[in-house]
Amino acid sequence: MESNTHDRPIGAALAEDIQAMLGSPPDLICRSLTTEENRSIQLIYLDSLVNRQAVDEFIVESVRRNAFAEGPAASGSRYARELALAEPYATVRDEAARAAASGQCVLIDDGRKRVCMIDAYDAPGRAIEEPMSEPTIRGSHEGFTENIRVNIGLIRKRILNPALRFEEMRIGSRSGTNVMIAWMDGLAPEALLQEIRRRLSAIRTDSVLESSYLEEFIQDRILSPFPTILNTERPDKTAALLLEGKVAILTDGTPYVLIAPLTFFDLFCSSEDYFQRADIATFIRWLRFISFFVAVFAPSLFVAATTFHQELIPTELLISLSAQREGVPLPAFLEVMLMEIVFEIIREAGLRMPRAVGQALSIVGAIVLGQAAVEAGLISAAVVIVVAVTGITNFVVPVYSFGMSQRLLRFTFILLAGLLGLFGILCGTLMLIAHLVSLKSFGVPYMTPMAPAEAADWPDVLARAPRPWNDPNRLPASVRFLKRKQPGG
């Protein structure tokens with residue numbers, strides 16, 4: 001190995017080059033240590049990313065006692081790996097700089113011609129808190145954090161099984177983000193694992209700052225409004241899905257974990273379904289199905305009925321609607337579209353503002369604007385009711401990304417109803433069904449187990465069967481579908 005400076009020891013040259021590659025930041029610590037054998041060793045680390053107590057009590061004391069002389073087997077679990085100084089200088093320099101930037105301690109042992117990378121990562125982060133987007137009444141209140149190591153521990157705490165596997169990848173040419181693939185050996189289909197590895201390895205990007213970066217690269221259909229990968233910040237939900245044979249993708253720096261494959265009916269399932277009695281969970285699941293249809297079709301059906309198909313409305317209701325619309329200058333289509341847009345603006349404003357102010361803005365803003373619009377004769381009271389009911393039912397779905405899909409579909413069907421009435425809604429519904437049937441999630445048909453039909457799984461889709469009735473060895477239809485496709489399945 002040759003350094004770029006011949007009049008100084010290789011270790012000293014390497015230490016200076018590492019400092020230069022990192023830009024000599026204020027949190028970079030370079031220490032010179034002396035062993036019992038009177039050998040000089042350089043220790044380099046970023047103070048903001050390491051556990052100072054571990055550095056002082058474990059690494060420094062071990063170096064002074066010469067505990068690293070025997071290599072990884074004798075130096076404890078924190079020993080990561082080592083490189084020989086006989087390897088190409090540029091390779092050792094780049095690997096050492098990357099290790100220091102990742103929160104490892106770089107130990108340069110010039111006497112033994114080696115560089116050791118020792119794990120002491122302990123970056124500051126948020127404590128474990130209740131998930132913000134998936135709260136539950138009964139069940140665990142722990143949520144993932146932005147620290148991938150903490151998230152791995154939260155999963156391992158729930159699955160005390162040696163078959164739990166984790167595989168590390170680095171994605172992002174500049175960010176070098178740590179990504180973990182998690183699965184249960186023997187349960188997850190090998191075809192699914194290979195496909196996830198292939199898609200992740202094919203990603204070419206400079207940075208990955210959130211799991212949504214990965215989701216956009218590996219999802220099956222880019223322009224579809226429906227998610228084909230589930231995202232969750234609940235460790236208990238992740239553990240349950242891993243035990244069903246699915247695969248999780250953890251990304252450092254975000255509390256959201258990606259899970260594949262995903263089917264349309266998985267979007268109506270919540271963690272709390274399995275913490276309540278089966279009859280109550282079944283009732284709530286049916287409420288979600290009903291809420292989906294109300295959120296997507298209620299405004300468009302109102303527009304179609306009041307604009308093109310008044311004969312479908314009962315006489316008493318038609319008279320009441322006509323009285324309300326007297327003096328209203330806008331047609332029903334523009335009324336509904338205007339109120340829906342205003343409602344979305346209020347909702348987005350409430351989300352972006354501070355929490356206490358945002359809640360007040362969402363509630364008071366909607367009430368005040370709706371009442372003022374009715375009293376001013378700009379909007380009929382029936383439209384305010386339809387839009388309010390639609391907005392409420394949109395929040396019933398347990399997956400936030402699916403709620404966004406419902407909002408896009410609602411505006412599409414309102415437009416079709418305003419142009420073609422019920423015929424437009426029917427055409428849109430047929431196209432929606434065709435699109436759903438054509439979707440796949442990592443090779444699994446999106447409408448499984450309805451299309452293709454798996455009648456034995458229908459009770460678990462339309463209801464939550466009591467646990468004594470379930471076969472503990474029976475995997476979900478989506479996982480069985482992939483296992484049948486693999487050799488020997």
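These questions and answers cover a helix pair and a pocket in a predicted model.

Q: Are α10 and α13 roughly parallel or roughly antiparallel to each other?
A: Helix α10 spans residues 332–352, and helix α13 spans residues 400–420. Their axes come within 10 Å and cross at roughly 160°. Angles over 145 degrees count as roughly antiparallel. The two helices are therefore roughly antiparallel.

Q: Is the crossing of α10 and α13 left-handed or right-handed?
A: The axes of this pair cross at roughly 160°. The hand of the α10 and α13 crossing is left-handed.

Q: Which residues of α13 meet α10?
A: The α10 side offers Phe333, Val336, Met337, Glu340, Ile341, Glu344, Arg347, Glu348 and Leu351. Their partners in α13 are Tyr400, Arg407, Arg410, Phe411, Ile414, Leu415 and Gly418.

Q: How many residues of the contact of α10 with α13 are charged?
A: Glu340 and Arg347 in α10 are among the contact residues, as is Arg410 in α13. The contact divides into nine nonpolar residues, one polar and, as charged residues, six.

Q: Which helix gives the most to the lining of the second largest pocket?
A: This pocket holds about 1300 Å³ of space. Helices α7 (235–242), α15 (458–462) and α16 (477–485) each supply at least two lining residues. With four residues, the top contributor is α7.

Q: How many residues of the lining of the second largest pocket are nonpolar?
A: The lining has 37 residues. Ala240, Glu244, Tyr274, Asp460 and Pro476 lie nearest the pocket centre. Eleven lining residues are charged and seven polar; the nonpolar ones number 19.

Note on methods
Residues numbered from 1 in each chain as written. Predicted model: local features only at pLDDT ≥ 70, side-chain atom pairs only at ≥ 80, totals over all residues. Heavy atoms only, no water. Axes fitted to C-alpha atoms, helices over the stretch in contact; angles between N-to-C directions. Parallel < 35°, antiparallel > 145°, perpendicular 65-115°, else oblique. Left-handed = near helix turned anticlockwise from the far one by under 90°. Contact = heavy atoms within 4.5 Å. Nonpolar A, V, L, I, M, F, W, Y, C, P; charged D, E, K, R; others polar. 1 Å grid on protein atoms, 1.4 Å probe; cavity = no way out; pocket = protein on both sides within 12 Å on 5 of 7 lines; lining within 4 Å. Points joined across faces, edges and corners; volume = space filled by probe spheres on them.
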